[in-house]
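Me: I should like to learn how the features of a structural model are read. Could we proceed feature by feature, with the general idea before the case?

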Amino acid sequence: MTDELASRVAATHQEFKSNPSSAQAVFKSESNVTKGFRSDISIRQHQLVVDEPPSIGGDDAGPNPIELVLAALGSCQEITYKAFGAALGIDVQSVSVQLDGEINLRGFFGIDEDVRAGFQNIRGTVTITSSASDEELAKLRDVVNSHCPVLDMLSTPVPTELSMRRA
């Protein structure tokens, strides 16, 4: 699988390098609140359910949006480790990520306008199984952290515009 993954990564890299316009992509998601805080989400052919825990008024039918942010970061780190490990010839047998995000819900509920609505900080640990040297893994970590899309979006504000319309 590692050789196949390395081949796929190399082919994709070459395609984007020789044809930069093919690297442009638009990702889409559609969601709709269906009951209480439950939101049914469609992403390509995938369906997700997002909800809040009962302590916040939901039915706990799925993870909440901020938990999905942590999941997005963790899985993006894992994918980026595997992709760049394959591209750089660095052995990555397995990789997992554990994350904790601290939030003060007084910001979300509008109780204290000085408290941000989102995470105050995110901390985590990447656990990797590899035969690579510490130096190779340090290089891989630096490459991953500078190319992980979700880490980039969390670390640097993304211009975001949301309009509203009547149904």
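Me: Which residues does Thr80 touch, not counting residues up to four places away in sequence?

Reply: The model is predicted, so local features need pLDDT of at least 70 and side-chain atom pairs count only at pLDDT 80 or more, whereas totals for chains, interfaces and linings use all residues. Residues are numbered from 1 along each chain as its sequence is written, and side-chain values use heavy atoms, with hydrogens and water left out. Contact means heavy atoms within 4.5 Å. Beyond the residues up to four places away in sequence, Thr80 touches Gly85, Val144, His147, Cys148 and Pro149.

Me: Where is Thr80 found, and is Thr80 buried or exposed?

Reply: Two definitions are needed. Helices (H or I, at least four residues) and strands (E, at least two) are DSSP runs, numbered from the N terminus. A residue is buried under 20% relative accessible area, exposed over 50% and partly exposed in between, with a 1.4 Å probe and protein chains only. Thr80 is found in helix H2, and its relative accessible area of 7% makes it buried.

Me: How many helices and strands does the protein have, and how is the whole chain summarised?

Reply: There are 5 helices and 5 strands, in the order α-β-β-β-α-β-α-β-α-α from the N terminus on. Along the principal axes, the C-alpha atoms fill a box of roughly 50 × 35 × 30 Å. Of the 167 residues, 19% are buried. Among contacts with a separation of 6 or more, 45% are between residues 24 or more positions apart. Accessible areas come from the Shrake-Rupley method with a 1.4 Å probe; for residues, only the protein chains shown count as cover. The protein exposes about 12,300 Å², of which carbon and sulfur atoms supply 54%.

Me: How is a pair of aromatic rings described, and how many does this structure hold?

Reply: A pair of aromatic rings is described by the distance of the centres and the angle of the planes. Rings of Phe, Tyr and Trp (its six-membered ring) pair if their centres lie within 6.5 Å; planes under 30 degrees apart count as stacked, over 60 as edge-to-face and the rest as tilted. The structure holds 1 aromatic pair. It is formed by Phe108 and Phe109, and because the ring centres are 4.9 Å apart and the planes stand at 80°, the pair is edge-to-face. Phe108 is exposed at 53% relative accessible area, while Phe109 is partly exposed at 47%.

Me: Which residues does Ala117 touch, not counting residues up to four places away in sequence?

Reply: Ala117 touches Ile103, Gly107 and Phe108 with that exclusion. Ala117 lies in the loop between helix H3 (105-108) and S5, and is partly exposed at 48% relative accessibility. Its C-alpha atom is separated by 38 Å from that of Glu136, 19 residues apart along the chain.

Me: How is empty space found, and what lines the second largest pocket?

Reply: Rolling a probe the size of a water molecule over the atoms shows where empty space is left. On a 1 Å grid over the protein atoms alone, a cavity is a set of points where a 1.4 Å probe fits but cannot get out; a pocket is an open set with protein on both sides within 12 Å along at least five of seven lines, and lining residues have an atom within 4 Å of a point. Grid points are joined across faces, edges and corners, and a volume is the space filled by probe spheres set on the points. The second largest pocket holds about 190 Å³ of space. Its lining includes Leu73, Gln77, Val97, Ile122, Asn145 and Leu151. H2, strand S4 (94-102), strand S5 (121-129) and helix H5 (149-155) each supply at least two lining residues, and S5 gives the most, with 4 residues.

Me: What classes make up that lining?

Reply: Ala, Val, Leu, Ile, Met, Phe, Trp, Tyr, Cys and Pro count as nonpolar, Asp, Glu, Lys and Arg as charged, and the others, Gly among them, as polar. The lining of the second largest pocket has 7 nonpolar, 5 polar and no charged residues.

Me: Where is the place of Gly62?

Reply: Gly62 is in the loop between strand S3 (46-50) and helix H2 (65-88). Gly62 counts as buried, at 14% relative accessibility. Leaving aside neighbours within four places in sequence, Gly62 is in contact with Val49 and Asp51.
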